[in-house]
Amino acid sequence: MPTALGRITRLISLQIPRRSIVPLPHFQIQPALYTRNMATNSGSSNPIGEAVPATNNVQEATPVSQETKDAIAQSAEAHASTDGVVLGADGKPKSAKQLEKERQKAEKAARFAAKKAAQDADKAKQAAQPKKEKKAKKEEVNVEPYVELTKPGDKKVLQDLELPALKNYDPQVVESAWYSWWEKSGFFEPEFGPDGKPKPEGTFVVPAPPPNVTGALHIGHALTIAIQDTLVRWNRMLGKTVLFLPGFDHAGLSCQSAVEKRLWVQEKKTRHDYGRKDFIDIIWKWKDDYHSRITGQLKRLGASYDWTREAFTMDENLSAAVVETFVRLHEEGIIYRANRLVNWCTQLNTTLSNLEVDQKEISGRTLLSVPGYDPEDKVEFGAITSFAYEIEASDEKIIVATTRPETMLGDTAVAVHPDDERYKHLHGKFVKHPFVDRKIPIVCDSIVVDMAFGTGAVKITPAHDPNDYEVGKRHNLEFINILNDDGTLNNTCGEFTGMKRFHARKAVVEKLTERGLFVEVKDNPMSIPVCSKSGDIIEPVLKPQWWVSQQAMADVAAEAVRSGQIKIQPAVSEADFQRWMENVQDWCISRQLWWGHQAPVYYVQIEGEEQDRGDGKWWVSGRTKEAAQEKAEKQFPGKKFELIQDEDVLDTWFSSGLWPFSTLGWPKVTPDYENFYPTSLLETGWDILFFWVARMVMLGIKLTGQVPFKEVFCHSLVRDAQGRKMSKTLGNVVDPIDMIEGISLDDLHAKLLVGNLDPREIEKAKTGQKLSYPNGIPQCGTDALRFAFCAYTTGGRDINLDVVRVEGYRKFCNKIYNATKFALMRLGPDFVPAAKIEKTGKESLVERWILHKYNKAAKDINKHLEARNFFEATNSVYNYWLYELCDVYIENSKYLILEGTEEQKISAQQTLYTCLDGALRMIHPFMPYVTEELWQRIPRRPQDSTPTIVKAAYPVYNEQLHDPEAETNFELVFSVVKGARSLMAEYNVLQGAKIFVQADASINGVIAEQSPSIVALIKGCESCEVLASGSEQPEGCAVYAINKDCNALLLVKGHADLDAEIAKAEKKIGKIQQQQAQMQKLLAQKDYENKVPENVRAQNAEKLETMKAETENLDRIVAQFKKLLL
């Protein structure tokens, strides 16, 4: 019998209100104020969560017979002597306590014997009956496949909900056909007022972060779309002029490297085998293929983009914006040419931004594979090598250390601290380079040298180390580049010329050893820079490149955020933004690629003159080559020259930095630019806050004189359920379509073969897939995925995506689907909604309550979305749908619609319609497909010609529906329901339950009036009778304390196993008595009052009182149940 004794003690006498709880598939454990029976409610055949009986059948307790009572009496008599004294085995009289214990033991044994006899009789009876044949398992019926009858672009043909394919929620069925109709009908395009201007409700403009055309979208993009499109659809329903502007990024490095890798795998060719023009043509074909694939993914995710305004970073106008920006900034001196250190990838032969460089942490000496080297020829990292330089004209040596021994070929100084006594005699002297004819000065530098670290002497390689570069500038040292672009050593390296850099590393150490200059090698924890595209080890290399001076623009951008012109959420991201602006560095925008915007700048090669291409004075920019020619003629009058355009392209982030205004027509002043700039919101990941957002702010203010957007919302990064970063090699990268449609583990494995992964990486990825998705990925649908991501968005840095949670929201969609079907049945085919939402004054209490809850949900959701609190917004709409509309009102309205008067029926139906229609509109921004599918099936109010839920009005707070009195009164009623359900669950009363409510006179009327509701909401309840507060309680009832003025009672006589309840209560009494003794011992300790804090003493005293009360209640339960046995 599933009874908890700790609960029973409170049921009878403590009068403490209790709240049952049930776990939710949402975000937290919710009070079961609005849950059905404590049994299960799920199941496809149970559309609105009707309470169902438990599957285990528990027999009623066997009554105690007269025979048993006689046996107990005989047992007692057997121990009595003729003079009334009971003797023990030793002949001594037994104590009262011993006698009572033996009496209870005998009583228990007799009851057990009687029960055993009854069970044996039942078995014998069953054995005598002929055995029933086992029912054959019900064969699964093949559901007829859904056939879409709608032509692409037409409004969906709504088929009969009783068709097998539509009987239950199926995302594939529900999501079909709607998007093409939305798009063709222009529902996603901005809606202007009669004057052609934005509507008075305002504008809401979101320039969507352009996905790269490198490959398909991943699950992180689904998060972005879920958040953005929720806000877009919500604002559109609020009546604003909304523009959700889509587009794509050419992704220079990512796209080119992906194409080059594919060409090598398939044809063993490089881009140089094709030439620049043909290679770019190949990339355009790649772009077209992936553009089509990504577009399909975006539409499946329900993104309500205005596709008529789609942009691509290499479109004509966006390319013109890039040229305009470069020329303007170059003319102002903000873009300049300089020979500085860059991140160089020898595999891709290009400069990289910091974003394209990963940092691999190692704890000590580690062998790693490096692209371009034999897989068996691994390179050692995580080691620091010490060697000595000989002092010129001396027998002395000075010891230095390095993690990259090959770079010593580019050393141009040894630095010591000016205050280091060990080296003061060497100030101004030189060391001899052992391999090249070069004297190296010993310089004093207090910035780079730490006297306490190592030997206190530091080798300086200005052309290959960022810190050394600064030392080189401070001391006017020579900058010697030792590397060719392909990673081999150049002709400055003597005998090592032509060697690969990591082969040279070994060779240099060997030669140092031969010369007696090698000292030692030790473990050295370090961070290794790795190209995120090729896996190559990045080299700091000196290169003449185009740079953007950012400090002045950064100061203006920081002030725009400080002053509130731009709001950045969450607050931690705003702090990050300001920190980056304070420490901004100049930006290298040159990339040695072919795919991208070729720099609109030209080298003026003057006939007969010696020139340095690294010097910016020989370069001119121009919007066209003709414009550059004019500039050169003015700058070099009378000179004969040739203009040669720089072959480099610009960093992808340069064109992306213009996105909010170039997509609206800038540098032209277009209607879109005038209507929609500045934009409203930029939503993106916090990880590119500096690389993209900051640059848009800086360039936007610089070029347009206005901030590019008024708000920035930074979402979390998506990780797998184990908290690991999404990675192809880990096998946890998810295509959102796979989560929408579902996919088997074998098919996930198969998809790995399509990409560019190395065979060894494929096996590793398969292992990762088995860990993350051991059973594959179930079909979840778009709506569930979108809702899950919004629910996950709490303002934290990371989201650990668990597919089980997403699948839980699919069940929520099923609840919405079946609840709407059920409501349609209750409304009937001839139902006509009222012209508008308003009370008639004839609403029942439950109607007033649900309208109040609907109104409150609308108010809360709007408030949360305005604050970008997606977690609370989803929580509010989830609770309204599940626990208020479905579990309470739809259930409660049954008796009003089916058994009430005509007036009650009409009122209940109108309320049902209002709350269902509003609920669908309320959740539409999160779940666009299932809401459109269902909203199209419910009737419209007279004069309402809204063609789609996309354009329907979003529910807002309505003062007329505010009804706190109804909330208080009905929740008292539902507390009774909850208490009665809890008692029925504890005593396993499944049918024929008789409920009594004993309440104070002030609330008796409410309970009496709502007794039909109470019966309707409790599955298995036969009746509900109201008792006056002073009247005697019916015999054989268990009690649930609602509050001090109200108790719910359940007649348990004939339902509960009283023997078991008595035994459990007695066992509990024993435990409590032990706890009481321990507590009393603690309280009796010496100096207890002085040593124990007052609050702890108060808590202990309260615990002791609670134990006393629990014991009294348990004694009362035992007495009451024993009385029922007699």
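Two strands are said to pair if DSSP finds at least two bridges between them, and helices (H or I, at least four residues) and strands (E, at least two) are DSSP runs, numbered from the N terminus. The model you have open is predicted, so local features need pLDDT of at least 70 and side-chain atom pairs count only at pLDDT 80 or more, while totals for chains, interfaces and linings use all residues. Residues are numbered from 1 along each chain as its sequence is written, and side-chain values use heavy atoms, with hydrogens and water left out.

**Stop 1: a parallel sheet**

Select residues 567-569, which form strand S21, together with strand S29 (residues 709-715) and strand S28 (679-685). These strands make an open sheet of 3 strands in the order S21-S29-S28, and the pairing is parallel. S21 and S28 stand at the edges, each with a single partner strand, so one side of each is left without a neighbour in the sheet. On average, neighbouring strands here are turned by 15° against each other, direction ignored; for such values, axes are lines fitted to C-alpha atoms, for helices over the stretch in contact, and angles run from 0 to 180 degrees between N-to-C directions. S21 and S29 are joined by 3 bridges, and if you pick lysine 567 you can look for its bridge partner in S29, which is glutamate 711.

**Stop 2: two cis peptide bonds**

Most residues other than glycine have a negative phi, and most peptide bonds are trans. With that in mind, select glutamine 569 and proline 570, whose peptide bond is cis, with omega near -5°. Proline 570 lies in the loop between S21 and helix H14 (571-582). Then move to tyrosine 677 and proline 678, which are joined by a cis peptide bond with omega of about 0°; proline 678 is in the loop between helix H18 (671-676) and S28.

**Stop 3: an antiparallel sheet and its helices**

Which strands make up the open sheet with antiparallel pairing? Its 3 strands follow the order S25-S24-S26, and strand S25 (619-621) and strand S26 (641-645) are the edge strands, each pairing on one side only. Neighbouring strands of this sheet are turned by 35° against each other on average, direction ignored. Strand S24 (residues 601-606) runs antiparallel to S25 and is joined to S25 by 3 bridges, and valine 601 has serine 621 in S25 as its bridge partner. Now add helix H10 (residues 316-331), which lies across S24 and S25 and runs at about 130° to S25. Helix H15 (residues 625-635) lies across S24, S25 and S26, running at about 140° to S26.

**Stop 4: H7 and H9**

Show helix H7 (residues 252-267) and helix H9 (residues 276-300), which pack at an angle of about 105° with their axes 10 Å apart. H7 and H9 are therefore roughly perpendicular to each other, where angles under 35 degrees count as roughly parallel, over 145 as roughly antiparallel, 65 to 115 as roughly perpendicular and the rest as oblique. Among the residues in contact (heavy atoms within 4.5 Å) are Cys255, Val259 and Leu263 of H7 and Phe279, Trp286 and Tyr290 of H9. Following H7, lysine 268 is found in the loop between H7 and helix H8 (271-274), and its phi is near 55°, a positive value in a residue other than glycine.

**Stop 5: H21 and H22**

Select helix H21 (residues 745-752) and helix H22 (residues 759-772), whose axes come within 10 Å and cross at roughly 155°. H21 and H22 are therefore roughly antiparallel to each other. Residues making the contact include Leu745, Leu748 and Leu752 of H21 and Ile762, Ala765 and Lys766 of H22.

**Stop 6: H24 and H27**

Next, select helix H24 (residues 803-827) and helix H27 (residues 902-923), which pack at an angle of about 150° with their axes 11 Å apart. That makes H24 roughly antiparallel to H27. The contact includes Phe812, Ile816 and Thr820 of H24, and Leu912, Tyr913 and Leu916 of H27.

**Last stop: an annotated stretch**

Finally, select residues 1055-1085, which UniProt lists as "coiled-coil region" in an unreviewed entry; such annotations may be inferred rather than shown by experiment. In the model, the chain over residues 1055-1085 is 84% helix and 0% strand, and the end C-alpha atoms are 47 Å apart.
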